[in-house]
Amino acid sequence: MDLLRIIVAILLPPLGVFLQEGLGKHFWINILLTLLGYIPGIVHAVWIIARR
């Protein structure tokens, strides 16, 4: 399941974080990072998924 979340996080970073954490602070941080740059959003999403 984590592999699927990581693939989703690479394609749509906020969706990957949402599947892992829900509508918490990490989701909103990821939205902001994705808007500022796609790569920081991906890195944050993969980090959130991998730390579990």
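At what angle do the axes of α2 and α3 cross, and within what distance do they come? In this predicted model, the two axes come within 9 Å and cross at roughly 170 degrees. Because an angle over 145 degrees counts as roughly antiparallel, α2 is described as roughly antiparallel to α3. On the α2 side, the contact is made by P13, P14, V17, F18 and E21. The residues that meet them from α3 are H26, F27, N30, I31 and T34.

Helix α4 offers a second view of the packing. This helix has 13 residues and reaches 18 Å from its first C-alpha to its last, close to the 18 Å expected at 1.5 Å a residue. Its buried residues are G41, I42, H44, A45, I48 and I49. Seen down the axis of α4, these buried residues fall within an arc of 165 degrees, so they line one face of the helix. In general, an α-helix has 3.6 residues a turn, so residues three or four places apart point the same way. The partners of the buried residues of α4 are α1, α2 and α3, against which they pack. On the other side of α4, by contrast, I39, V43 and A50 are exposed.

Turning to charged side chains, the structure holds two salt bridges. One of them joins the side chains of D2 and R5, with an N to O distance of 3.6 Å. Both residues belong to helix α1, which covers residues 2-11, and because they are three residues apart, about one helical turn separates them. The two partners differ in their surroundings: D2 counts as partly exposed, at 36% relative accessibility, whereas R5 is buried, with a relative accessible area of 13%.

The other salt bridge brings together the side chains of E21 and R51, at 3.3 Å from N to O. Here E21 lies in helix α2 (residues 13-21) and R51 in the segment after α4 (38-50), so the pair ties together parts that are 30 residues apart in sequence. Both partners are partly exposed: E21 has a relative accessible area of 35%, and R51 is at 46% relative accessibility. E21 thus appears in two settings, as it is one of the α2 residues in contact with α3 and also the salt-bridge partner of R51.

Key:
Residues are numbered from 1 along each chain as its sequence is written. This is a predicted model: local features need pLDDT of at least 70, side-chain atom pairs count only at pLDDT 80 or more; totals for chains, interfaces and linings use all residues. Side-chain values use heavy atoms; hydrogens and water are left out. A salt bridge is a side-chain nitrogen of Lys or Arg within 4 Å of a carboxyl oxygen of Asp or Glu. Helices (H or I, at least four residues) and strands (E, at least two) are DSSP runs, numbered from the N terminus. Buried means under 20% relative accessible area, exposed over 50%, partly exposed in between (1.4 Å probe, protein chains only). The expected span of a helix is 1.5 Å times one less than its number of residues. The arc is that of the directions from the helix axis to the C-beta atoms. Contact means heavy atoms within 4.5 Å. Axes are lines fitted to C-alpha atoms, for helices over the stretch in contact, and angles run from 0 to 180 degrees between N-to-C directions. Angles under 35 degrees count as roughly parallel, over 145 as roughly antiparallel, 65 to 115 as roughly perpendicular and the rest as oblique.
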